[in-house]
Amino acid sequence: MAKWGEGDPRWIVEERADATNVNNWHWTERDVSSWSSEHLRQLLLSVRVEGPEGVCQVTDINKLDGEASINNRKGKLFFFYEWQLRANWLGTASSGVKYRGTVDVSNLSDENDEDDLDISVSLCKDQPSTPLLDLMKRAGIKEVRRALGEYVRQLKSEFSQGMILPTTDGPKQPPPETTKKNQISATTKCTSSPSPKSSPGPAPCPTGVHIPTCSFNLRETFQTSADELYRTFINQEFVQVFTRSVAVVDGRRGGKFQLLDGSVSGEFTQLVPDQRIEMRWRFKTWPSEHYATVSLELQDRGDETELKMECHGVPAGEEDSTREGWTRFYFQAIKQTFGY
């Protein structure tokens, strides 16, 4: 925070002891790019259309460039966002033949209304002509437009809470309803700075809490090659098939994933193609921001692949459910779905 008399005056904000932006006079900004990216992915991956020609489904987002922010000036909110994106879709014709294509949106921004968005669909270059392209042009574009419009509505209605701050001469607005999610968020973001004596507040929150953890190992054999099994774990389309639900999987080092309706999330920390997968992994009921470390080692045995799993940092008391979850929702689901 700039001090009085220092820095760009447009960013100097008069604050009371409780950190209030007096009368909402100065410009305050909240970066919502990360939130926007996640929600755009979730909304677009729900796009699915069906017709006499067959079924088309958006399977992954391979380009999502842009930014978004919410700003408050004199009690008014201003929304700024600009995105360019490309998504892949998979079509299954009524005959069972599969086709792949792309969806491009070049002008999702605060300057364009939902009806003004430029949305184009096409087949991949190596794909033959198919009526599924007409289905995507006729119905798919409408669903993509609807999903993008829903993103803007959520941005303006849900994420703007708390941007209009109390004024010095008016009653304070009632705080938003405190949910478990809000409490966790507040805990992770609070600081240990002491409050002034004239304005007592809550005690500083602890810097961290020790969580007792445990580890376990699993071993499984799959009737497939190592490269095929490797792709099954890091490819979004494969993951969505064996979990039977929408998933977000960025299969690269540092890429994040979320599956099973948000119950499982994490990040790939190391990927050795066809040999090893390492990740930070968590279940949504675990303590906030606590992750286990999971490594999957693949050993090609010719006509089969042996998988060795090591899992460390599981909260004490969660070992059995985590072990069962991996066995049931990963290993058994993969075997039943793909015949491995």
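This report describes a sheet, the helix lying across it, and a selection of side-chain contacts in a predicted model.

**The seven-stranded sheet and helix H6**

An open sheet is built from 7 strands, in the order S7-S13-S12-S11-S10-S9-S8, with antiparallel pairing. Its edges are strand S7 (213–222) and strand S8 (248–249); each has a single partner strand, so one side of each is left without a neighbour in the sheet. The partner of S7 is strand S13 (residues 305–315), and 9 bridges join these two antiparallel strands. One of the bridge partnerships is between Thr213 and Pro315 in S13.

Helix H6 (residues 319–338) lies across S7, strand S9 (256–259), strand S10 (264–272), strand S11 (276–283), strand S12 (292–300) and S13. The helix runs at about 20° to S7.

**Between S7 and H6: Glu220, Lys335 and Phe222**

The side chains of Glu220 and Lys335 meet in a salt bridge, at 2.7 Å from N to O. This pair links distant parts of the chain, since Glu220 is in strand S7 and Lys335 is in helix H6, 115 residues apart. Glu220 is partly exposed at 23% relative accessibility, and Lys335 is partly exposed at 28%. Lys335 has a further contact: its charged end sits over the ring of Phe222, 5.3 Å from the ring centre.

**Aromatic side chains**

The whole structure contains 12 aromatic pairs. In one of them, Phe242 and Tyr330 are tilted, with 6.2 Å between centres and 50° between the planes. Phe242 lies in helix H5 (residues 236–243) and Tyr330 in helix H6, so the pair ties together parts that are 88 residues apart in sequence. Both residues are below the 20% cut-off for buried: Phe242 has a relative accessible area of 2%, and Tyr330 has 6%.

Trp281 and Trp286 form an edge-to-face pair, with 5.5 Å between centres and 70° between the planes. Both of these tryptophans are buried. Ring pairs link Phe222, Phe233, Phe242, Trp281, Trp286, Trp326, Tyr330 and Phe331 into a cluster. Phe222, the ring under the charged end of Lys335, is therefore also a member of this cluster.

A second charge over a ring involves Arg282, whose charged end sits over the ring of Tyr291 at 5.6 Å from its centre.

**Phe233**

Another member of the ring cluster is Phe233, which lies in helix H4 (residues 226–234). Phe233 is buried, with a relative accessible area of 7%. Leaving aside residues up to four places away in sequence, Phe233 touches Val239, Phe268, Ile277, Leu296, Leu307, Trp326, Tyr330, Phe331 and Ile334. Of these contacts, Leu296 is 63 residues from Phe233 in sequence, while the C-alpha atoms of the two are 9.7 Å apart in space.

**Salt bridges**

There are 18 salt bridges in the whole structure. The table lists some of them with their N to O distances.

| Acidic residue | Basic residue | N to O distance |
|---|---|---|
| Asp104 | Arg86 | 2.6 Å |
| Glu143 | Arg146 | 3.1 Å |
| Glu220 | Lys335 | 2.7 Å |

Asp104 and Arg86 form a salt bridge that links distant parts of the chain: Asp104 is in strand S5 (residues 98–109) and Arg86 in strand S4 (residues 76–93), 18 residues apart. Arg86 is partly exposed, at 34% relative accessibility.

Glu143 and Arg146 both belong to helix H2 (residues 132–157), where they are 3 residues apart, about one turn of the helix. Glu143 is partly exposed, with a relative accessible area of 26%, and Arg146 is partly exposed at 35%. Elsewhere, salt bridges that share partners join Glu114, Glu150 and Arg153 into one network.

**Strands S5 and S6**

Strand S5, which holds Asp104, is joined to S6 by 5 bridges, and the two strands run antiparallel. Val103 stands opposite Val121 in S6.

The side chains of strand S6 (residues 119–123) alternate between two faces. Ile119, Val121 and Leu123 point to one face and are buried, whereas Ser120 and Ser122 point to the other and are not buried. Val121, opposite Val103, is thus on the buried face of the strand.

Terms used
Residues are numbered from 1 along each chain as its sequence is written. This is a predicted model: local features need pLDDT of at least 70, side-chain atom pairs count only at pLDDT 80 or more; totals for chains, interfaces and linings use all residues. Side-chain values use heavy atoms; hydrogens and water are left out. Two strands pair if DSSP finds at least two bridges between them. Helices (H or I, at least four residues) and strands (E, at least two) are DSSP runs, numbered from the N terminus. Contact means heavy atoms within 4.5 Å. Axes are lines fitted to C-alpha atoms, for helices over the stretch in contact, and angles run from 0 to 180 degrees between N-to-C directions. A salt bridge is a side-chain nitrogen of Lys or Arg within 4 Å of a carboxyl oxygen of Asp or Glu. Buried means under 20% relative accessible area, exposed over 50%, partly exposed in between (1.4 Å probe, protein chains only). Rings of Phe, Tyr and Trp (its six-membered ring) pair if their centres lie within 6.5 Å; planes under 30 degrees apart count as stacked, over 60 as edge-to-face and the rest as tilted. A charge sits over a ring if NZ of Lys or CZ of Arg is within 6 Å of the ring centre and within 35 degrees of the ring normal.
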